[in-house]
Amino acid sequence: MTGTDLTTATTSAPAAIPGQATPYQGDIARYWNNEARPVNLRLGDVDGLYHHHYGIGDVDHAALGDADDSAYDKNLVEELHRLESAQAKVLLDHLGPIGRTDTLVDAGCGRGGSMVMAHQRFGCKVEGVTLSAKQADFANQRAGELGIEEHVRARVCNMLSTPFETGRAAASWNNESSMYVDLDDLFAEHSRILGVGGRYVTITGCWNPRYGQPSKWVSQINAHFECNIHSRREYLRAMADNRLVPQAVIDLTPDTLPYWELRATSPLVTGIEEAFINSYKDGSFQYVLIAADRV
Ligand SMILES: C[S@@+](CC[C@H](N)C(=O)[O-])C[C@H]1O[C@@H](n2cnc3c(N)ncnc32)[C@H](O)[C@@H]1O
């Protein structure tokens, strides 16, 4: 793998969502272009890593302090952000050995927090795609502020049809972005861009086949985010059909519950907290990490 531009020489990135974007993808682009919830921006302001995903790990109650304390709200924001960055760290832990000359692909990169963390950790190049021009601009501006724009770049692009060269990525991932697409189409594209032996990682919410069907809470989450949560079984089947062999399937549900329970008490609630907490508790929904090798 090399750190050179993964884009094929014959393909340039158009300003709008490049080819084959559906009306649904136009809706999702609009959703993320208009998204400016304080829960995402205030947390990102803590240290300049902007995430659009959830947190994992134990809450540090000592760091939070007393709820009556004037510093409590600030501490709460910092704690939620710490847990969200811990989530991205666990994803990066599963990418395997990555060298400075490798190139990684973040599919559905949001405002780029995971990309920056990946570059800071591995020193490599990271290419991100998002449907949202606002997110791509934000991520690129942030990379510029950090002086890493030669290494970290976001572009507006449908992750099902990327301009990246076949077989050149050392690793790729979806961090809470796979519920917007058909999994066969998604994994076919990851399988195409990854070199043989490359690593694919997803962290995602999925419905639990043991529950039977998507629960009312899962339906509520789908409606809230305009997405289509897949079952755990669908992930494993679609990977098997696309030369991605799981090496680790980790149930992060117990690790993410403390984040949700803390968030539900905060002034930054968005109204979807109850659906996450109830579905994680009744077993209908799970937060999983799946790491797979391209064979
Ligand atoms: C919940 S956000 C996650 C952002 C980021 N991965 C993170 O962890 O902060 C979902 C992201 O998926 C992107 N997305 C959804 N469907 C996509 C598609 N077909 N192609 C590219 N990006 C897509 C959205 O634009 C958004 O950036």
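Does Glu234 count as buried, exposed or partly exposed, and why? This is a predicted model, in which local features need pLDDT of at least 70 and side-chain atom pairs count only at pLDDT 80 or more, whereas totals for chains, interfaces and linings use all residues. Residues are numbered from 1 along each chain as its sequence is written.

Glu234 counts as partly exposed because it has 17 C-beta neighbours inside 10 Å; a residue is buried with 20 or more other C-beta atoms within 10 Å of its own, exposed with 12 or fewer, and partly exposed in between, the C-beta atoms being placed from the backbone. Glu234 belongs to helix H9 (residues 232-240), where helices (H or I, at least four residues) and strands (E, at least two) are DSSP runs numbered from the N terminus. Its C-alpha atom is separated by 25 Å from that of Phe164, 70 residues apart along the chain.

The interior may be considered next. The largest nonpolar core has 71 residues, such a core being a set of buried Ala, Val, Leu, Ile, Met, Phe, Trp, Tyr and Cys residues joined through C-beta atoms within 7 Å. Ile98, Leu104, Met115, Met159, Ala169, Ala171 and Val201 touch the most other members. Beyond its neighbours within four places in sequence, Leu104 is in contact (C-beta atoms, placed from the backbone, within 7 Å) with residues including Ile98, Ala118, Ala169 and Ala171.

Met115 and Ala118 are also among the buried residues of H5. This helix is mostly covered, with 7 of its 10 residues buried. Just after H5, Gly123 takes a positive phi of about 70 degrees.

The ligand is surrounded by 24 residues, of which Gly108, Gly110, Met159, Ser177 and Tyr180 come nearest; a residue is near a molecule if its C-beta atom, placed from the backbone, lies within 6 Å of it. Helix H1 (23-34), helix H5 (113-122) and strand S2 (125-130) are the elements that give two or more residues to this shell, and H1 gives the most, with 3 residues. By class, the shell has 9 nonpolar, 14 polar and 1 charged residues, where Ala, Val, Leu, Ile, Met, Phe, Trp, Tyr, Cys and Pro count as nonpolar, Asp, Glu, Lys and Arg as charged, and the others, Gly among them, as polar.

Terms used. Two residues are in contact if their C-beta atoms, placed from the backbone, lie within 7 Å.
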